[in-house]
Amino acid sequence: MSASVGGSGRADDRLAHEMRPPALEEGLLHQADGSARLSLGNTMVLAGVHGPALGRGRSERPEVLSIEVVLGTPGGGAMRGTSGAAASTTADALGYSYKAVIQDVLARAVMVDRYPRSTLVVVLRVLRDDGGALAALVNAAVAALMDAGVEMARLPVASNFALPQCTPVSASDLVADLIADPDAAEERKHPTVTVVCDKEGELLALNAAGIMNPTLLPRCIDSATSVTHSFGQLFRMKSGL
């Protein structure tokens with residue numbers, strides 16, 4: 001995988017543009033209509049799809065599919081190392097943000113008009129979070145939908161990036177400082193951006209964490225799309241899209 005980013009000196013010896021090798025297993029949950037477990041380094045997530053099923057939804061638009069996203073973490077706690085009341089607050093806020101992004105992406109990806117008066121439930125769980133959990137959740141959800149045979153209009157692929165310098169002098173500085181697929185330690189040090197694109201490079205969602213200069217985002221998206229396409233080969237080989 002390659003993108004117009006550079007640099008080195010990461011704890012796991014990856015170059016700045018290098019992602020952790022993804023590992024994908026499908027069909028693990030026998031009670032689900034489709035499932036996928038995705039690992040990126042020490043980050044691991046699990047997705048299960050139930051449906052589409054008639055008559056289970058209470059959608060405000062009965063002529064199209066209703067998609068429900070359920071997100072959990074081990075023990076119901078925070079996704080990362082916090083504790084007590086702060087952990088609960090952090091987990092709730094982070095979970096709400098992640099669910100909103102994932103639900104919006106899936107609603108744009110699935111052919112919802114093919115399943116009127118039906119409901120699709122996507123159950124997601126973070127098994128281990130060593131950075132990039134949101135990107136992993138999106139990609140696992142897409143893989144589980146494909147495993148379930150759900151008809152899709154587009155193939156979303158998510159990538160995560162860290163921005164060590166928030167105020168670069170020039171656009172070239174931004175390219176040099178972009179870090180692909182940061183682990184948890186890198187995420188704690190720097191602002192991050194999760195970018196979701198389809199295989200044509202159309203931006204479907206963007207989720208930023210941390211204080212950053214918004215003028216950096218367009219170049220971040222440009223750099224993200226090439227990594228997104230490379231990572232998406234894993235899903236395109238399975239889906240035939």
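This section describes two sheets, the helix that contacts both, and one buried asparagine in a predicted model.

The five-stranded sheet is open, has mixed pairing and follows the strand order 1-2-3-5-4. Its edges are formed by strand 1 (22-26) and strand 4; each has a single partner strand, so one side of each is left without a neighbour in the sheet. From one strand to the next, the twist averages 15°. Strand 4 (residues 66-72) runs parallel to strand 5 (residues 118-128), and 7 bridges join the two. Within this pairing, Ser-66 stands opposite Thr-119 of strand 5, and Glu-68 has Val-121 as its bridge partner. Although strand 4 stands at an edge, 5 of its 7 residues are buried, so strand 4 is largely enclosed by the rest of the structure.

The second sheet is also open; it consists of 4 strands in the order 7-6-8-9, with antiparallel pairing. Here the edge positions are held by strand 7 (179-180) and strand 9 (203-209), each with a single partner strand, so that one side of each has no neighbour in the sheet. Strand 6 (residues 157-162) and strand 8 (residues 192-197) are paired in the antiparallel sense through 6 bridges. One of the residue pairs places Asn-160 opposite Thr-194 in strand 8. Helix 2 (residues 133-148) packs on this sheet and touches strand 6, strand 8 and strand 9; the direction of the helix makes about 175° with that of strand 6.

Helix 2 also lies across the strands of the other sheet, namely strand 1, strand 2 (34-40), strand 3 (43-54), strand 4 and strand 5, and runs at about 40° to strand 3. The helix is mostly covered, with 14 of its 16 residues buried. From first C-alpha to last, its 16 residues reach 22 Å, close to the 22 Å expected at 1.5 Å a residue. Helix 2 is followed by Gly-149, which has a positive phi near 75°.

Asn-207 is located in strand 9, one of the edge strands of the 4-stranded sheet. Its relative accessible area is 17%, which is under the 20% limit, so Asn-207 counts as buried. The side chain of Asn-207 makes a polar contact with that of Ser-97, at 3.4 Å. Leaving aside neighbours within four places in sequence, the residues in contact with Asn-207 are Ser-97, Tyr-98, Val-101, Leu-134, Thr-192, Val-193 and Thr-194. Of these, Thr-194 is the residue of strand 8 that stands opposite Asn-160.

Methods: Residues numbered from 1 in each chain as written. Predicted model: local features only at pLDDT ≥ 70, side-chain atom pairs only at ≥ 80, totals over all residues. Heavy atoms only, no water. Pairing = 2+ DSSP bridges. Contact = heavy atoms within 4.5 Å. Axes fitted to C-alpha atoms, helices over the stretch in contact; angles between N-to-C directions. Buried < 20%, exposed > 50% of the residue type's maximum accessible area, 1.4 Å probe, protein only. Polar contact = N/O pair within 3.5 Å; in protein donor to acceptor, adjacent residues only side chain to side chain. Expected span 1.5 Å × (residues − 1).
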